[in-house]
Amino acid sequence: MASSKKNDVISVAPPHSIKKFELIAEYVKAWINILMLNKKCRGIVYIDCMSNSGVYKDDNGEEIKGTPLLVSEIIAEAMTRYTDKQAYIYFNDLDSRKIDLLKTRLPKQTSNLTIYTESMDANVLLRKIGSQFSSMFSDMHFLLVYDPYDAHIEWDAMMPFLKNWGEIIINHMVSDTIRAAKMAKKPEVIEKYEETYQTTIDELISFGSDRNAFEKKIEQIILELSERKEGRYYVAAFPFFNSNNSVVYNLIHCTGHQTGFDLFKSTAWKIFDDQSSGKKTSDGNGDGYEQLVMNFETGEVGYDHKEDDAHYTLLDIVTYLQRHFRGRQDVPKEEISEYLFEHPVFPVRDYSRKTYNALKKYYGAVVHRNTVTFSDRSC
């Protein structure tokens with residue numbers, strides 16, 4: 001794979017980064033249409049506080065569009081249809097050369113589309129925007145993409161966004177922490193990790209290579225900081241794997257709105273071809289769990305199900321349902337959807353038909369118009 005340096009104006013985007021571009025862009029495409037149909041929503045604010053140049057090269061050296069260009073084009077097109085709404089877009093990068101290139105590729109501003117470009121520390125920008133919420137963004141809905149430089153999350157800069165109505169997507173560089181936290185010696189480096197995870201470096205070292213431990217710590221911080229008087233806060237997280245099948249980062253979606261929570265989950269599953277990640281499995285296509293096996297003690301035939309909490313398939317979804325509803329007759333589909341909705345990764349939106357078909361295929365469920373009868377088959 002071609003190499004790229006942090007100071008390159010045009011970076012090389014590996015396949016997992018390209019998938020991230022696609023996921024965020026497809027989410028915005030669906031998200032904006034839902035919001036613009038809400039009469040109470042005056043408009044949208046999209047913030048990418050570490051946008052890079054918006055232009056990348058793939059492994060073959062071909063130029064491709066990154067998230068800033070994909071998203072700005074989606075929003076610009078939407079504003080031609082929703083002329084009574086307003087859109088504000090913020091792009092920022094510490095490297096002014098990258099912003100200069102980005103500005104040459106952005107869509108033209110219009111009477112209801114305003115694009116700001118900045119070159120400053122991302123957290124300085126967020127503090128500036130956060131201070132303007134009450135005066136500028138009343139009845140506006142926002143989406144903040146937070147991709148922290150050097151894996152450092154400054155929670156105080158995100159506080160206004162966690163407390164207000166909107167969405168946040170955090171690129172959690174868990175691979176950096178797993179690799180480097182245990183080797184941290186300089187006080188400023190130790191402070192970075194302690195601030196990011198709101199704990200001591202000794203506790204972080206005790207996590208070792210446990211990706212889930214770091215992930216849970218971040219999600220715990222998000223839920224604690226987002227406490228609100230009314231309503232819940234939802235967090236969904238999806239891992240991104242490199243060509244060596246190692247997790248590079250987790251993309252975390254945070255929102256106070258259940259529609260956004262379910263929409264992000266279903267968008268991710270579509271991007272990964274009805275799976276929760278791009279991890280390569282033994283059969284090379286991600287769904288290698290369908291080998292029939294016989295339990296010689298009971299004589300029951302089932303599927304060799306190898307569970308992997310970093311990579312889920314449709315079989316994992318229906319196994320989750322079968323364990324909970326096993327043997328129950330005429331379970332309302334609404335009850336099934338409500339139970340599935342609570343899962344931080346499994347989608348409901350746009351996945352009902354595929355889920356019910358998989359229930360029939362793997363566990364012999366009987367699917368009626370409004371109910372499902374679950375077999376007594378073990379998982």
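This report walks through pockets, cysteines, backbone oddities, a small sheet and aromatic contacts in the structure above.

First, the ground rules. The model is predicted, so local features need pLDDT of at least 70 and side-chain atom pairs count only at pLDDT 80 or more, while totals for chains, interfaces and linings use all residues. Residues are numbered from 1 along each chain as its sequence is written, and side-chain values use heavy atoms, with hydrogens and water left out.

**Empty space**

Rolling a probe the size of a water molecule over the atoms shows where empty space is left. Here that is done on a 1 Å grid over the protein atoms alone: a cavity is a set of points where a 1.4 Å probe fits but cannot get out, whereas a pocket is an open set with protein on both sides within 12 Å along at least five of seven lines. A residue counts as lining if it has an atom within 4 Å of a point. Points are joined across faces, edges and corners, and a volume is the space filled by probe spheres set on them.

The second largest pocket holds about 520 Å³ of space. Its lining runs to 22 residues, and those nearest the centre are Asn38, Cys41, Met140, His141 and Trp165. At least two lining residues come from each of α1 (15-36), β7 (140-146) and α11 (258-271); helices (H or I, at least four residues) and strands (E, at least two) are DSSP runs numbered from the N terminus. Sorted by class, this lining has 10 nonpolar, seven polar and five charged residues. For that count, Ala, Val, Leu, Ile, Met, Phe, Trp, Tyr, Cys and Pro are nonpolar, Asp, Glu, Lys and Arg are charged, and the others, Gly among them, are polar.

How many cavities of 30 Å³ or more does the structure hold? There is one, and the largest cavity comes to about 60 Å³. Around it sit Ile336, Ser337, Leu340, Pro347, Val348, Tyr351, Ser352, Thr355 and Tyr356. Helices α13 (333-341) and α14 (352-363) each bring at least two of the lining residues. The class count here is six nonpolar, three polar and no charged residues.

**Cysteines**

With a disulfide taken as a pair of cysteine sulfur atoms within 2.5 Å, the count is zero. Take Cys49: the nearest cysteine sulfur belongs to Cys254 and is 13 Å away, so Cys49 is in no disulfide under that cut-off. Cys254 is unpaired too, with the sulfur of Cys49 as its nearest at 13 Å. Are these two buried or exposed? Cys49 is buried at a relative accessible area of 1%, and Cys254 is buried at 0%; buried means under 20%, exposed over 50% and partly exposed in between (1.4 Å probe, protein chains only).

**Positive phi**

Most residues other than glycine have a negative phi, and most peptide bonds are trans. Two residues with a positive phi are tabulated here.

| Residue | Phi | Loop | Relative accessible area |
|---|---|---|---|
| Asn52 | near 60 degrees | between β2 (43-48) and β3 (55-57) | 14%, buried |
| Asp274 | near 65 degrees | between α11 and β11 (292-294) | 22%, partly exposed |

**A three-stranded sheet**

Strands pair if DSSP finds at least two bridges between them. One open sheet has three strands in the order β13-β15-β14, with antiparallel pairing. Its edge strands, each pairing on one side only, are β13 (331-332) and β14 (366-367). β14 meets β15 (residues 371-373) over two antiparallel bridges, and Val367 has Val372 in β15 as its bridge partner.

**Aromatic pairs**

A pair of aromatic rings is described by the distance of the centres and the angle of the planes. Rings of Phe, Tyr and Trp (its six-membered ring) pair if their centres lie within 6.5 Å; planes under 30 degrees apart are stacked, over 60 edge-to-face and the rest tilted. The whole structure has 20 such pairs.

Tyr46 and Phe91 sit edge-to-face, 6.3 Å centre to centre with 65 degrees between the planes. Tyr46 is in strand β2 and Phe91 in strand β5 (residues 86-92), so this pair ties together parts 45 residues apart in sequence. Tyr46 is buried at 0% relative accessible area, and Phe91 is buried at 0%.

Phe142 and Phe161 are also edge-to-face, at 5.4 Å and 80 degrees. Because Phe142 lies in strand β7 and Phe161 in helix α6 (residues 155-163), the pair links parts 19 residues apart in sequence. Both Phe142 and Phe161 are buried.

Elsewhere, ring pairs join Trp269, Tyr312, Tyr320, Phe325, Tyr339, Phe346, Tyr351 and Phe374 into a cluster. Tyr351 also appears in the lining of the largest cavity.
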